[in-house]
Amino acid sequence: MWETIIIQPMTTLLLWIYDALGHGPHMFGLAIILFTILIKVITWPLNASQVKGAQAMQELQNDKEWQDIQKKYAKDREKLAQEQMRIYKERGINPFASCLPTLVQFPIIIGLYQSITRALSITPFDMLKLARTIYPFQNVEGIIPLNSTFLWMDLGRPESIQILGFGLPTLAIIVALTTYVQSKLTMPASSNPNDQSAQMTKMMSIYMPLMLGWFALNFASGIAVYFIISNLLGIVQYAATGRANWSNLFGGSKQPSSKK
Amino acid sequence: MNTKRLILVSLLAFGALLLSACGGGQGVSNNWHGLAADAERAYVSNGTFVQAVDLETGREVWRYPAEADSKLMFYATPVLTPDGQLLIGSAGTKHPFVSLNPETGKEMWAESFTQNKGAWLASPLVLNDEIYAPNTDGFLYVIDMNGKQAADPIEIGGALWSAPVTDGNLIYVASLDHHLHIIDPASGTTTENIDLGGAVPSSPAIAAGGVYAGSFASTVEFIKNDGSHEVIAKTGDWIWGSPVLNNDALYYADLGGNIHSLDLASGNQNWNDLKPDGPIVAGLILVNDQIYVATEAGTLVAMDRDGKIVWEKTVGGRFYTTPVFAGDLILVAPYQADFVLAAYDVDGKQAWTFTPEK
């Protein structure tokens with residue numbers, strides 16, 4: 001099931017893009033970038049709902065009824081949660097809408113990781129699995145094994161640049177930074193320290209950069225390329241819609257413009 | 001910790017676990033076994049260990065290393081040298097190339113020639129007291145019999161997954177870069193690079209004046225030692241295992257599960273309608289006019305030279321490792337079976353199986 005609906009189409013698409021690009025050095029990296037853009041286009045509705053959800057949560061923070069229940073049930077967390085859920089329901093707000101797209105990325109990330117390692121086939125066993133993955137209509141004999149070189153990286157291995165004898169994991173750092181920036185830009189401002197959704201979003205903005213940075217540090221650098229491009233596109237998307245919350249990143253009181 | 005936070009952290013941890021389960025790191029953590037044998041023992045590379053197994057009893061004689069080291073992984077086929085060494089390299093996150101005493105399993109020397117950049121998945125060739133060791137980094141390392149680098153590594157290009165072969169004068173190296181490389185060991189230079197149209201994962205078969213090689217281009221080619229070459233047969237699927245030459249007949253199999261016999265004199269197929277129960281990755285072996293083939297479905301098939309099945313046994317697991325004939329036994333090393341090694345006599349009767357102790 002996983003193989004049929006995730007791995008096979010992803011691997012096929014990656015190989016097809018790589019072949020279309022001329023299957024030389026650096027082309028698999030470009031294929032991953034184009035693939036990431038394609039994934040971003042496909043998940044555009046999800047991201048739009050993330051923006052919408054974040055906006056709704058932001059507006060809720062300034063709502064009088066919302067602020068009232070925060071004060072009224074400040075010492076009764078259970079009741080406060082019940083009231084918050086009531087308001088979410090009444091106003092059609094999904095408190096998870098802002099983090100759901102990030103979680104939806106997980107199958108894509110795992111699938112992409114497996115597709116990259118399979119496509120690169122650094123072991124006979126991976127190559128055998130690749131042979132099983134290829135659709136009968138695909139002629140890939142001429143392009144495999146793939147050229148895993150991209151810029152200074154081997155996309156099948158974790159990346160680091162040797163500086164004074166120390167391997168600096170530049171991609172992992174960039175992944176963590178861009179993930180942090182993206183999550184900060186999308187995080188709604190909250191004046192209420194007891195707001196659970198705000199706490200959760202804040203927690204996500206700490207955990208996600210760390211975790212994706214850890215992935216980038218330990219796994220094939222092809223996956224780090226995906227993270228970085230995905231994050232940059234996300235940042236551009238938010239910035240383009242004018243909903244990016246720059247105040248979270250740089251401090252100050254600048255709020256995103258309210259577009260409806 | 002409240003419920004939402006718990007769910008979130010659990011989801012993140014689950015994601016990390018899933019991705020971690022995919023593998024990772026720079027080493028090879030999963031592949032099939034390598035298998036070799038002499039008159040007394042079988043030698044099987046079994047991931048964390050290389051194990052020697054007594055051919056008479058099927059019992060372990062020794063294992064290397066004595067304790068598992070997760071940084072060392074052995075999948076290549078061990079090679080016995082004329083001066084009594086057993087050579088094998090690691091494909092784990094550490095890549096020493098190791099010489100063992102085949103009787104005791106004691107390490108004679110271990111050197112890292114690749115600065116840990118490439119893994120050892122293929123067996124070396126020993127020629128004129130020099131070891132030619134192919135690596136996944138695309139270099140052929142030249143080592144003397146004492147474990148010292150004898151000459152600069154020869155750059156081949158493309159990962160090397162199979163053992164070089166020699167006609168006594170030239171060395172033939174199959175590469176995943178779609179080429180067969182011919183090397184003059186006297187000068188240490190490549191004399192010919194022949195494009196076969198697809199990756200060549202297994203060793204070619206030596207013949208008079210050249211070699212026969214199958215590739216992922218689904219063709220078998222005859223490559224002369226001067227570099228000229230011609231396609232002599234096409235198959236319906238990738239060719240993974242090495243072809244076997246016997247007099248005027250060439251035997252080979254493909255991933256589609258078909259076994260072929262080609263009459264080299266006429267260029268016609270003797271037969272190609274034999275299709276056992278699964279894809280064939282392992283190479284064929286020929287023993288006393290009987291051909292043995294091990295399928296991915298876990299079946300060992302013995303056939304005569306006319307393509308008639310003499311017997312077949314369901315062994316279990318999956319076969320990717322080429323069987324080995326030693327001490328009147330056919331040895332097979334199934335992948336993901338209840339045992340690592342099994343021995344059959346030429347009539348198909350199981351002599352023993354070997355399951356390593358934890």
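This report describes chain B of a predicted model, its two domains and the core between them, and then some backbone features of chains A and B.

**Overall form of chain B**

Chain B contains one helix and 32 strands. Its C-alpha trace spans about 80 × 50 × 45 Å along the principal axes, and its radius of gyration is 21 Å, which agrees with the value near 21 Å that a compact globule of 358 residues would have. Of these 358 residues, 49% count as buried. Among the contacts in chain B with a separation of 6 or more, 41% are accounted for by residues 24 or more positions apart.

**Two domains and the side that joins them**

The chain is divided into domain 1, covering residues 29–163, and domain 2, covering residues 235–352. The C-alpha centres of domain 1 and domain 2 of chain B lie 25 Å apart, and 14 residues of domain 1 are in contact with 13 residues of domain 2. On the side of domain 1 that touches domain 2, the elements that give two or more residues are β1 (34–37) and β2 (41–45) of chain B. Of the elements on this side, β1(B) gives the most, with four residues. By residue class, the side of domain 1 that touches domain 2 divides into nine nonpolar residues, four polar residues and one charged residue.

**The largest nonpolar core**

Which residues touch the most other members of the largest nonpolar core? They are A:Ile223 and B:Leu331, in a core of 151 residues. The largest share of this core, seven residues, comes from helix α10 of chain A, which covers residues 221–241. Domain 1 and domain 2 of chain B both give residues to this core, so the core lies between them. As a general tendency, nonpolar side chains in soluble globular proteins are buried together.

The surroundings of B:Leu331 can be listed residue by residue. With neighbours within four places in sequence left aside, B:Leu331 is in contact with B:Leu35, B:Ala37 and B:Ala42, and also with B:Pro323, B:Val324, B:Ala326, B:Leu341 and B:Ala343. Of these partners, B:Leu35 and B:Ala37 fall within β1 (34–37) of chain B, while B:Ala42 falls within β2 (41–45). B:Leu341 and B:Ala343 fall within strand β31 (residues 341–344) of chain B.

**Strand pairing in chain B**

Strand β31 of chain B runs antiparallel to strand β32 (residues 350–354), and four bridges join the two. In this pair B:Tyr344 stands opposite B:Gln350 of β32(B). The hairpin of β31(B) and β32(B) has five residues between the strands, and there B:Gly348 takes a positive phi near 90 degrees.

Elsewhere in chain B, four strands form an open sheet with the order β5-β6-β7-β8 and antiparallel pairing. Its edge strands are β5 and β8 (107–111), each of which pairs on one side only. Strand β7 (residues 97–100) is joined to β8(B) by four bridges, again in antiparallel fashion, and B:Phe97 stands opposite B:Glu111 in β8(B).

**Backbone features in loops**

Most residues other than glycine have a negative phi, and most peptide bonds are trans. The table lists residues that depart from one or the other of these tendencies.

| Residue or bond | Feature | Value |
|---|---|---|
| A:Ile144 and A:Pro145 | cis peptide bond | omega about 0 degrees |
| B:Tyr64 and B:Pro65 | cis peptide bond | omega about -5 degrees |
| A:Leu151 | positive phi | near 55 degrees |
| B:Asn247 | positive phi | about 55 degrees |

Where do these residues lie along their chains? A:Pro145 is found in the loop between α7 (124–133) and β1 (149–150) of chain A, whereas B:Pro65 lies in the loop between β4 (60–64) and β5 (79–80) of chain B. A:Leu151 is placed in the loop between β1 and β2 (153–154) of chain A, and B:Asn247 in the loop between β21 (244–246) and β22 (249–253) of chain B.

Are the two residues with positive phi buried or exposed? The limit for an exposed residue is 12 or fewer other C-beta atoms within 10 Å. A:Leu151 has 11 such atoms within 10 Å and is therefore exposed, and B:Asn247, with 9 C-beta neighbours inside 10 Å, therefore counts as exposed too.

Methods:
Residues are numbered from 1 along each chain as its sequence is written. Chains are lettered from A and ligands numbered from 1 in the order in which they are written. This is a predicted model: local features need pLDDT of at least 70, side-chain atom pairs count only at pLDDT 80 or more; totals for chains, interfaces and linings use all residues. A residue is buried if 20 or more other C-beta atoms lie within 10 Å of its own, exposed if 12 or fewer, and partly exposed in between; C-beta atoms are placed from the backbone. Two strands pair if DSSP finds at least two bridges between them. Domain bounds come from an automatic or database domain assignment. Two residues are in contact if their C-beta atoms, placed from the backbone, lie within 7 Å. Ala, Val, Leu, Ile, Met, Phe, Trp, Tyr, Cys and Pro count as nonpolar, Asp, Glu, Lys and Arg as charged, and the others, Gly among them, as polar. A nonpolar core is a set of buried Ala, Val, Leu, Ile, Met, Phe, Trp, Tyr and Cys residues joined through C-beta atoms within 7 Å. The radius of gyration is taken over C-alpha atoms; the globule rule is 2.2 Å times the number of residues to the power 0.38.
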